Amino acid sequence: MIGLSHSPEVTALVEKTRAFTRDVVLPVEDEHHGDITAAGGDTLRVELQKAAKEAGVFAPHVPVEYGGHGLNMTDRAPVFEEAGYSLFGPVALNIAAPDEGNVHMLDHIASPEQKAQFLAPLAHGDMRSAFAMTEPSPGAGSDPTALTTRAEKVPGGWKINGHKYFITGADGTGFFIIFARTSGQPGDRGGATMFITPADVPGLKVGRHIDTLDKSMIGGHCEVFFDDLFVPDNGVLGEVDQGFRYVQVRLGPARMTHVMRWLGAARRGHDIAVAHVAEREAFGGTLGDLGMIQQMVADNAIDIAATRALLTQACWELDQGGHASNATSIAKTFAAEAIFRIVDRSIQMCGGLGVSGDLPLARLSREVRGFRIYDGASEVHRWAIAKRAIGAAKRAAREAAA
């Protein structure tokens, strides 16, 4: 049975996060129009995280032994949503991508030595991280089996050569988790390995920032080059050739935490629009008296509720120890599109103000648009959902005929 209530401790953390985000973080975001680099980048991150620690809301997802609250996926949802009400909230709580997903994965996969060297400082906010999987065409993207970056075994370790891009947080990161092919050829379903390495090593170069719609992810989305990068044997994360299996530990939960954060952003847009139409006078009354406006308000409320329901189902399955592949694909696909719809309707309800810098709606729209591509494009998830459904029907038919 899925529980729909939270403990008093989690409820209290939700309330503290709501107050902290609105009182401390939102004014900074608004002052700098949601541009994390213009707001101060890592300097701002350190300041906001210090404030979050003092407020008792820092690192809700981090295991207790590393100074966090140790929340499971279900309990993270309302906390992350409140932090996501501001685009800078996830940075303040140390739950922004890719760090949050990397904390989760390292906690489950890393060796004790790797946890001491990488997980502990990441969990404490002493450094940031980057996850290097995506490559330029024809390399890995929505199809990770197209992986072309290659690691060759050498005495004492591995040498990695390849070119990555759209690597979030790469500029200024403390370490990289690198996805590289250790056997087979591009297109093979196996043969990938994850490696972990400090960023300041020979053979690793962070290139240009790729200009994107979103501006709130610290460290940008960068090109990264590996030229005979040496990673010692103790830099293998998990087991050799098992990277595709291990990365599932990260992907499902990371998709759901994206839903949590951006649902908070969408809800902020909705709140702004509802407040506007309740007061804006036009056509002999307020905009909120008009049926077409009321439909948009209702559709936003429906999308918010449906997103939360699908998120709850997926998080419950993850907390039971399953991969929840279908549930996370369904929740991610619906949420990515619903969140954009919510913000887009909110802009429409606010008219000219909606596309201006006087309200945050335009920047919210830019930020959430990428979610229909990040962590698997909607079309890829639809293909996977359909493939599972058709495969189950074929198996059932074969069993019935046997």
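Helix 9 gives the largest share of the lining of the largest cavity, 3 residues. That cavity holds about 160 Å³ of space, in a model that is predicted. Helix 9 (residues 248–279) also packs against helix 12 (residues 361–369). The points below cover the cavities, a pocket, helix packing, strand pairing and unusual backbone geometry.

**Cavities**

- The count is 2 cavities of 30 Å³ or more.
- The largest cavity is lined by 14 residues. Leu87, Pro90, Ser216, Met217 and Trp262 are the closest to its centre.
- Helix 5 (89–93) and helix 9 are the elements that each give two or more residues to this lining.
- By class, the lining of the largest cavity splits into 8 nonpolar, 4 polar and 2 charged residues.
- The second largest cavity has a volume of about 80 Å³.
- Its lining has 13 residues. Arg45, Ala96, Asp99, Arg128 and Ile218 lie nearest the centre of the second largest cavity.
- Helix 3 and helix 5 each supply at least two residues of that lining.
- The lining of the second largest cavity divides into 6 nonpolar, 4 polar and 3 charged residues.
- Helix 5 therefore appears in both linings: it gives two or more residues to the largest cavity and at least two to the second largest cavity.

**Second largest pocket**

- The second largest pocket has a volume of about 360 Å³.
- It is lined by 18 residues. His6, Ala77, Pro78, Arg308 and Thr312 lie nearest its centre.
- Three helices each supply at least two lining residues: helix 1 (8–31), helix 4 (73–83) and helix 10 (291–319).
- Helix 10 provides the largest share of this lining, 6 residues.
- The pocket lining has 8 nonpolar, 5 polar and 5 charged residues.

**Helix packing**

- Helix 9 and helix 12 pack at an angle of about 155°, with their axes 10 Å apart. Because of that angle, helix 9 is roughly antiparallel to helix 12; the cut-off is over 145 degrees.
- The crossing of helix 9 and helix 12 is left-handed.
- Helix 1 and helix 3 (residues 41–55) have axes that come within 11 Å and cross at roughly 155°. Helix 1 is therefore roughly antiparallel to helix 3.
- Helix 1 passes helix 3 in a right-handed crossing.
- Helix 1 also lines the second largest pocket, and helix 3 lines the second largest cavity.

**Strand pairing**

- Strand 3 (residues 157–168) pairs with strand 7 (residues 221–232) in the antiparallel sense, over 9 bridges.
- Ile167 has Cys222 of strand 7 as its bridge partner. Trp158 stands opposite Val231 in strand 7.
- Strand 6 (residues 204–209) runs antiparallel to strand 7, and 4 bridges join them.
- In this pairing, His209 stands opposite Cys222 in strand 7. Cys222 thus faces His209 and is also the bridge partner of Ile167.
- Strand 2 and strand 3 pair in the antiparallel sense over 5 bridges. Glu152 stands opposite Lys159 in strand 3.
- The hairpin of strand 2 and strand 3 has 2 residues between the strands. Gly156 in this hairpin takes a positive phi near 85°.

**Backbone geometry**

- Most peptide bonds are trans, and most residues other than glycine have a negative phi. The following cases depart from that pattern.- A cis peptide bond joins Ala97 and Pro98, with omega about 0°. Pro98 sits in the loop between helix 5 and helix 6 (99–109).
- The peptide bond from Ser137 to Pro138 is also cis, and its omega is near 10°. Pro138 is in the loop between strand 1 (129–132) and strand 2 (150–154).
- Ala59 is a residue other than glycine with a positive phi, near 55°. Ala59 lies in the loop between helix 3 and helix 4.

Terms used:
Residues numbered from 1 in each chain as written. Predicted model: local features only at pLDDT ≥ 70, side-chain atom pairs only at ≥ 80, totals over all residues. Heavy atoms only, no water. Pairing = 2+ DSSP bridges. Helix = DSSP H or I, 4+ residues; strand = E, 2+ residues; numbered from the N terminus. 1 Å grid on protein atoms, 1.4 Å probe; cavity = no way out; pocket = protein on both sides within 12 Å on 5 of 7 lines; lining within 4 Å. Points joined across faces, edges and corners; volume = space filled by probe spheres on them. Nonpolar A, V, L, I, M, F, W, Y, C, P; charged D, E, K, R; others polar. Axes fitted to C-alpha atoms, helices over the stretch in contact; angles between N-to-C directions. Parallel < 35°, antiparallel > 145°, perpendicular 65-115°, else oblique. Left-handed = near helix turned anticlockwise from the far one by under 90°.
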